[in-house]
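User: Please examine the structure shown below and answer a few questions about its surface, its ligand and its backbone.

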Amino acid sequence: MNDILPDVSGTWRYLETVVRDIVQSYGYAEIRLPLLEQTELFRRSIGEVTDIVEKEMYTFDDRNGESLTLRPEATASVVRAGITNGLLHNQRQKLWTTGPMFRYEKPQKGRYRQFYQFDVEALGYDGPDVDAELIIMCARLWRALGISRLTLEINSLGTPESRASYRGALVEYFSSVKSKLDDDSIRRLEQNPLRILDSKNPDMQAIVAAAPLMLDFLDEESSEHFQSLKGLLDAAGVAYTVNPRLVRGLDYYSRTVFEWVTDALGSQGAVCSGGRYDGLVEKLGGKPTPAVGWAMGIERLVALYEACGGEAPADDADVYVVAVGENTLERAFAIAEQLRDEVAGIKVELNLGGGSFKSQLKRADKSNAAFALILGEQEIVEKRVGLKPLRSTEDQSSVAFDDLPATLAALLRA
Ligand code: ATP
Ligand code: MG
């Protein structure tokens with residue numbers, strides 16, 4: 001679990017703002033959800049035989065003996081909230097949410113025990129138009145951030161029925177190579193053979209590569225759905241590769257699944273993953289409701305943005321107010337407040353804790369502010385302040401109190 005320190009929090013906030021603004025521009029609305037849910041919610045939605053439920057959840061009993069879990073992902077909570085608040089009664093919902101998720105994983109670069117996700121979910125839409133829109137929205141985000149080192153992988157998992165016949169074929173195939181399977185896979189063979197395709201064990205990759213493909217078992221309607229999705233992506237100019245082994249680590253997906261992956265972050269290459277989960281709302285007690293969504297890992301987004309040379313806009317102070325001498329502090333406060341009132345977006349730092357002129361100027365310089373405003377006893381008498389450019393060799397000038405907001409507004413626009 002990481003502390004997000006001030007040297008990087010500016011980049012985080014910038015990226016979160018860009019993601020949020022883009023998602024909002026597609027008509028999605030924010031929903032804020034609790035960090036804790038009943039354990040049962042995740043068992044039922046994510047699936048018993050998944051990495052998350054088997055070994056990654058932070059689960060404990062509360063004082064009433066009720067089993068609670070720190071959310072490992074957001075989709076289940078979004079669906080739960082949709083059902084319990086009646087948001088899905090004859091309505092469709094386009095929602096986003098963001099915040100920390102918790103998984104007891106082996107910590108490594110790009111994989112943490114508390115990590116942040118940005119989630120987008122469309123409930124009540126059967127697609128494939130909305131599937132395409134959710135992907136096109138991501139492509140817009142990458143463009144907006146100048147991120148290029150990403151590829152899009154898509155696949156279809158079909159309906160539960162077509163997946164059942166695929167499951168049969170997988171069991172037959174993996175049983176025939178059972179002696180080469182690792183322990184996890186042998187266990188999964190009985191309970192959830194699709195999960196074997198999701199294995200992270202390098203020794204399993206060749207066996208997985210030779211397994212039958214879901215796409216050969218797709219039902220007619222899912223196949224058409226997938227064709228239309230590809231057509232919409234083609235028309236929008238969004239490149240993709242079909243990865244027939246993409247199954248995603250959660251049980252609830254159906255039909256469309258996709259992942260934006262990068263080669264820029266080592267082995268933690270999945271930056272944004274999503275898919276359709278048409279059966280989940282009903283499974284959790286709601287009316288049958290088609291749905292689709294994605295989740296983006298913010299740590300990985302930050303790392304990828306930096307790997308692509310991205311730099312968040314600087315967030316330094318515009319002016320640093322230096323006040324020396326008797327009774328100058330009150331005026332300094334007044335000037336700082338007036339500038340914040342009258343100059344849109346200005347960032348003013350007031351020298352706190354006194355100090356000599358020299359030490360205050362040193363702090364002004366260290367703050368990276370563009371200008372120091374200098375206020376001494378003489379300035380108060382003359383109703384003027386010294387305006388000293390800190391990032392250029394230009395000379396200090398003197399500005400009347402009354403002209404200060406307009407002068408600074410003009411300088412900061414330039
Ligand atoms: P992975 O294959 O890397 O384990 P996942 O399939 O478990 O990912 P999802 O559950 O789909 O991931 O979560 C969506 C996104 O959240 C991922 O694409 C990734 O960017 C991010 N993510 C998942 N787990 C972690 C983690 N432990 N630390 C940081 N980011 C994570
Ligand atoms: Mg995982």
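User: Which residues make the nonpolar surface patch of about 310 Å²?

Analyst: This is a predicted model, in which local features need pLDDT of at least 70 and side-chain atom pairs count only at pLDDT 80 or more, while totals for chains, interfaces and linings use all residues. Residues are numbered from 1 along each chain as its sequence is written, and side-chain values use heavy atoms, with hydrogens and water left out. A patch joins residues with over 30% relative accessible area and no salt bridge, nonpolar side chains (Val, Leu, Ile, Met, Phe, Trp, Tyr) within 5 Å and like charges within 9 Å; a salt bridge is a side-chain nitrogen of Lys or Arg within 4 Å of a carboxyl oxygen of Asp or Glu. The patch of about 310 Å² (Shrake-Rupley method, 1.4 Å probe, only the protein chains shown counting as cover for residues) is made by Leu 329, Phe 333 and Leu 352.

User: Is Leu 329 buried, partly exposed or exposed?

Analyst: Leu 329 lies in helix α12, residues 329–342 (helices, H or I of at least four residues, and strands, E of at least two, are DSSP runs numbered from the N terminus). Buried means under 20% relative accessible area, exposed over 50%, and partly exposed in between, with a 1.4 Å probe and protein chains only. Because its relative accessibility is 42%, Leu 329 counts as partly exposed.

User: Which strand supplies the largest share of the shell around ligand 1?

Analyst: The shell holds 16 residues, the closest being Arg 103, Glu 105, Arg 248, Ala 270 and Ser 273, where near means a heavy atom within 4 Å. At least two residues each come from β6, β10 and β11. The largest share, 4 residues, comes from β10.

User: How much of the accessible area of ligand 1 does the protein cover?

Analyst: An oxygen atom of ligand 1 is 2.8 Å from an N or O atom in the side chain of Arg 111. Polar side-chain atoms of Gln 117 and of Arg 300 each lie 3.0 Å from an oxygen atom of ligand 1. Of the 590 Å² that ligand 1 has on its own, the protein covers 91%.

User: What is the phi of Arg 255?

Analyst: Most residues other than glycine have a negative phi. Arg 255 is in strand β9, residues 254–262, and counts as buried because its relative accessibility is 13%. Although Arg 255 is not a glycine, its phi is positive, about 50°.

Conventions: Chains are lettered from A and ligands numbered from 1 in the order in which they are written. A polar contact is a pair of N or O atoms within 3.5 Å; within protein, one must be able to donate a hydrogen and the other to accept it, and residues adjacent in sequence count only if both atoms are side-chain atoms.
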